[in-house]
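Student: I am new to this structure and would like a close look at one part of it. Please take me through that part slowly, with its surroundings.

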Amino acid sequence: MEKVVASVLLALLLGLILLIVGLFLGMSFYGGREKPSPFECGFDPMGSSRVPFSLRFFLLAVIFVVFDVEIVLLFPAVMVVGSSWMWISNYLALLVFLLLLLGGVVHEWREGSLEWET
């Protein structure tokens, strides 16, 4: 019990020391007015630093992330399907998951979200 308390106190002390050192180093390296500006190369920006973002690209990126997460969820399901004595229910659950995934791809394809240029 004493070792656990000593370990926790040491971890808290080390974390506090690192936090204080980081705060002091961060304050000493503040660069003034130029540091928070979008350009640090010595001249003032001529326009806005915010460029309009393509909504089509954003939607395609969101679709990629959603289907990527679904594929990651598919890997453990493949390992579990044949390893249980309830193999028929595992196959049915995997089949429903794959049908939902296929339905989502077909919907996005018909909607035109997967086409880059229109």
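Which residues does L74 touch, not counting residues up to four places away in sequence?

Tutor: Before turning to that residue, please keep in mind that this is a predicted model, and that a brief view of the whole chain will help to place the part you ask about. The chain has 3 helices and 0 strands, and from the N terminus on its elements run α-α-α. Of its 118 residues, 8% count as buried. Among the contacts between residues at least 6 apart in sequence, 57% join residues at least 24 apart.

L74 belongs to helix α2, and once residues up to four places away in sequence are set aside, L74 touches L94, F97 and L98. L74 is buried, because its relative accessible area is 16% and buried means under 20%. Two of these partners can also be described by their distance from L74: the C-alpha atoms of F97 and L74 lie 8.4 Å apart in space, although the two residues are 23 apart in sequence, while L74 and L98 are 24 residues apart in sequence and 8.5 Å apart from C-alpha to C-alpha.

Looking back from the other side, F97 has its place in helix α3. When its neighbours within four places in sequence are left aside, F97 is in contact with E70, L73 and L74. With a relative accessible area of 25%, F97 is partly exposed, whereas L74 is buried.

These contacts form part of a meeting between two helices, namely α2, which spans residues 55-81, and α3, which spans residues 87-111; they pack at an angle of about 165°, with their axes 11 Å apart. That angle makes α2 roughly antiparallel to α3, and the crossing of the two helices is left-handed. On the α2 side, the residues that take part include I63, F67, E70, L73, L74 and V81, and on the α3 side they include W87, L94, F97, L98, L101 and E108. Sorted by class, the contact of α2 with α3 has 15 nonpolar, 2 polar and 2 charged residues.

One of the residues in that contact, E108, deserves a separate word. E108 lies in helix α3, and with a relative accessible area of 16% it counts as buried. Not counting residues up to four places away in sequence, E108 touches I63, F67, S113 and L114, and of these I63 and F67 are listed among the α2 residues that meet α3.

Further along the chain, E117 offers a contrast, since E117 counts as exposed at 68% relative accessibility. E117 lies in the segment after α3, and although E117 and R56 are 61 residues apart along the chain, their C-alpha atoms are separated by 9.1 Å.

Finally, the record can be set beside the model. In an unreviewed entry, UniProt lists residues 6-32, 53-79 and 85-106 under "transmembrane region". In the model, the stretch of residues 53-79 is 93% helix and 0% strand, with its end C-alpha atoms 40 Å apart. To return to your request, L74 is a buried residue of helix α2, and its partners L94, F97 and L98 are listed among the α3 residues that meet α2.

Terms used
Residues numbered from 1 in each chain as written. Predicted model: local features only at pLDDT ≥ 70, side-chain atom pairs only at ≥ 80, totals over all residues. Heavy atoms only, no water. Axes fitted to C-alpha atoms, helices over the stretch in contact; angles between N-to-C directions. Helix = DSSP H or I, 4+ residues; strand = E, 2+ residues; numbered from the N terminus. Parallel < 35°, antiparallel > 145°, perpendicular 65-115°, else oblique. Left-handed = near helix turned anticlockwise from the far one by under 90°. Contact = heavy atoms within 4.5 Å. Nonpolar A, V, L, I, M, F, W, Y, C, P; charged D, E, K, R; others polar. UniProt positions renumbered as here; feature names shortened; annotations may be inferred. Buried < 20%, exposed > 50% of the residue type's maximum accessible area, 1.4 Å probe, protein only.
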